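User: I would like to go through this model with you and understand on what grounds each label is given. Could you take the terms one at a time and set the values against the cut-offs?

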Amino acid sequence: MQSFILGAGLGTRLMPLTSLLPKPLIPVFQQPMAELLLDYHYEAGIREFIINTSHLALCWDRAFPEHQWRGCPIRFSYELTPLDSGGGIRKILPLIDKDSPLLVQNGDILTDLPLQQLIAAHKASGAMVTLALRSKDGNRNVGFDETAGRVTDMRHLLGKDKGTCQFAGIYIMEPAIADLFPDEETFSIVPVWIELIRRGQIAGALFDEARWYEPGTPAAYLDMMLDLPKGDRNRIHPTAQIDSASIVCPQTVIGENATVPEETTLTECLVWPNTAVPPGDHSRRIFTPHFSVDA
C-alpha cells in the first residue's frame, strides 16, 4: 500500500507561523511534524509515500533533499495553487498503483490510531472508501450506522443524519473512485463521497481510544506540544544554550541551537530552532527566529 499525505494547504488558521513553514513541517519536539507522519505510516508497513505541496514548496526540498524517508521513496506532487481535497488526488493518479488501495491522511493531523486496524476494516468492508471516525469532540457531522459499518450521511447533505461522528482526517480509498471525479481540476472530494454514500460504498471505523491532535491554531499547536507524552523525545535539544540563571518549566520545548538568556522565565512556551529568546517572563508563547506569538 502507498500513502498520500495532504501537504498543499495554506495553513491560514496557523498564521503567522505558516508564513515560515508549511503546516506539516512545523517543529514537533525536535523534528518536523511530517517526519512523525512518515514514521507512523512506515510502522504500519507502508514503503511508498506521496506528498502534495504548494505553499512554500521549497521548504519540502530542504526537509527531504533526497526525496526519501528511511530508505523509502517520497514522491512530491507540486500544485501551483492548492487543488483541494479531490483535485490533489486526481493529480497523483499517475503515481499510484491502480490495483491497490491508497491511505490518505491530512498533513496536519497527529494521532496514534492503529492504522493496521483501519486497513483491516477496509479490506473486510468491501467498500470503495473507509473513513477513520471519532464519536467524541470536534465537528461530529458524519452519520454512521455502526451495526452495518456504513457511513449514512455527511454534513447532513443527504438529509438523513445530522451526524454523531467526526471524520478523523485519515481514510483508505480504492483508486477506482476516480471514475466519479468531475472534469474540474480543482474540486472537493466531499461530493464524490456523497455519491458513494448513496451507493452504500463508504465504510467507517471508530477509533475513540486513540490520541488525536489537529494543531490548527497557535493555541492548539502549543496545547498539543504540552499534552503529547514525552516518551523518548527531548523537550530541550542538547545544543540549546540556556543561561544557568534562567527558569524553564518542565513542559517548555526548546529547539536546536536556541538561546535563552539570563533573567528569563519560560512557562509553557515553545522555542523553535535557531531562535534567540528575549529576556523577561514569558508564558504560553511561541518563539520563532523572526517573531513570537501569544498562544
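User: What makes Asp294 count as exposed or buried?

Analyst: This is a predicted model, and the value in question is computed from it. Asp294 has a relative accessible area of 57%, and since exposed means over 50%, Asp294 is called exposed.

User: How do you know that Arg285 forms a salt bridge with Asp294?

Analyst: The closest N and O atoms of Arg285 and Asp294 are 2.1 Å apart, and the cut-off is a side-chain nitrogen of Lys or Arg within 4 Å of a carboxyl oxygen of Asp or Glu, so the pair qualifies as a salt bridge. As background, side chains of opposite charge can pair when their charged atoms come close.

User: How many salt bridges are found in the whole structure, and what makes Arg70 and Glu43 a pair that links distant parts of the chain?

Analyst: The search of the whole structure gives twelve salt bridges. For Arg70 and Glu43 the closest N and O atoms are 3.1 Å apart, which is within 4 Å and therefore meets the rule. Arg70 sits in the loop between strand E5 (68-69) and E6, whereas Glu43 belongs to helix H1, and the two are 27 residues apart. Salt bridges with shared partners also join Asp39, Glu43 and Arg70 into one network.

User: Why is Arg70 called partly exposed, and which class does Glu43 fall into?

Analyst: Arg70 has a relative accessible area of 40%, and because buried means under 20% and exposed over 50%, with partly exposed in between, Arg70 takes the label partly exposed. Glu43, at 59% relative accessibility, lies over the 50% limit and so counts as exposed.

User: Is Arg134 buried or exposed, and with which residue does Arg134 form a salt bridge?

Analyst: Arg134 has a relative accessibility of 5%, which is under 20%, so Arg134 counts as buried. Its partner is Asp137, with the closest N and O atoms 3.0 Å apart, and because the limit is 4 Å this contact is counted as a salt bridge.

User: Why is the ring pair of Trp60 and Phe76 called tilted, stacked or edge-to-face, whichever applies?

Analyst: There are seven aromatic pairs by the rule applied here. The ring centres of Trp60 and Phe76 are 6.0 Å apart, and because the limit is 6.5 Å they count as a pair. Their planes stand at 55 degrees, and since under 30 degrees would be stacked and over 60 edge-to-face, the pair is tilted. Trp60 lies in helix H2 and Phe76 in strand E6, so this pair ties together parts that are 16 residues apart in sequence. Ring pairs also link Trp60, Phe64, Trp69 and Phe76 into a cluster. Trp60 itself is at 1% relative accessibility, which is under 20%, so Trp60 counts as buried.

User: What makes Arg47 a charge over the ring of Tyr42?

Analyst: Arg47 lies over the face of Tyr42 at 3.6 Å from the ring centre, and because the distance limit is 6 Å, that part of the test is met.

User: Which residues have the most contacts inside the largest nonpolar core, and which element gives the most to this core?

Analyst: That core has 51 residues, and those with the most contacts inside it are Val28, Leu110, Leu113, Leu118 and Tyr221. Among the elements that give two or more residues are strand E4 (48-53), helix H4 (115-125) and helix H6 (218-227), while H1 gives the most, with seven residues. Leu110 touches residues including Val28, Met33, Trp212 and Met224, not counting residues up to four places away in sequence. A second, separate core of 31 residues includes Ile89, Cys165, Tyr171 and Phe187.

User: What is notable in the backbone at His67 and at Asp84, and how exposed are His67 and Asp84?

Analyst: Phi of His67 is near 50 degrees, a positive value in a residue other than glycine, and His67 is placed in the loop between H2 and E5. Phi of Asp84, in turn, is near 75 degrees, again positive in a residue other than glycine, and Asp84 lies in helix H3. Their relative accessible areas are 32% for His67 and 43% for Asp84, and because both values fall between 20% and 50%, each residue is called partly exposed.

Methods
Residues are numbered from 1 along each chain as its sequence is written. This is a predicted model: local features need pLDDT of at least 70, side-chain atom pairs count only at pLDDT 80 or more; totals for chains, interfaces and linings use all residues. Side-chain values use heavy atoms; hydrogens and water are left out. A nonpolar core is a set of buried Ala, Val, Leu, Ile, Met, Phe, Trp, Tyr and Cys residues joined through side-chain atoms within 4.5 Å. Buried means under 20% relative accessible area, exposed over 50%, partly exposed in between (1.4 Å probe, protein chains only). Helices (H or I, at least four residues) and strands (E, at least two) are DSSP runs, numbered from the N terminus. Contact means heavy atoms within 4.5 Å. A charge sits over a ring if NZ of Lys or CZ of Arg is within 6 Å of the ring centre and within 35 degrees of the ring normal.
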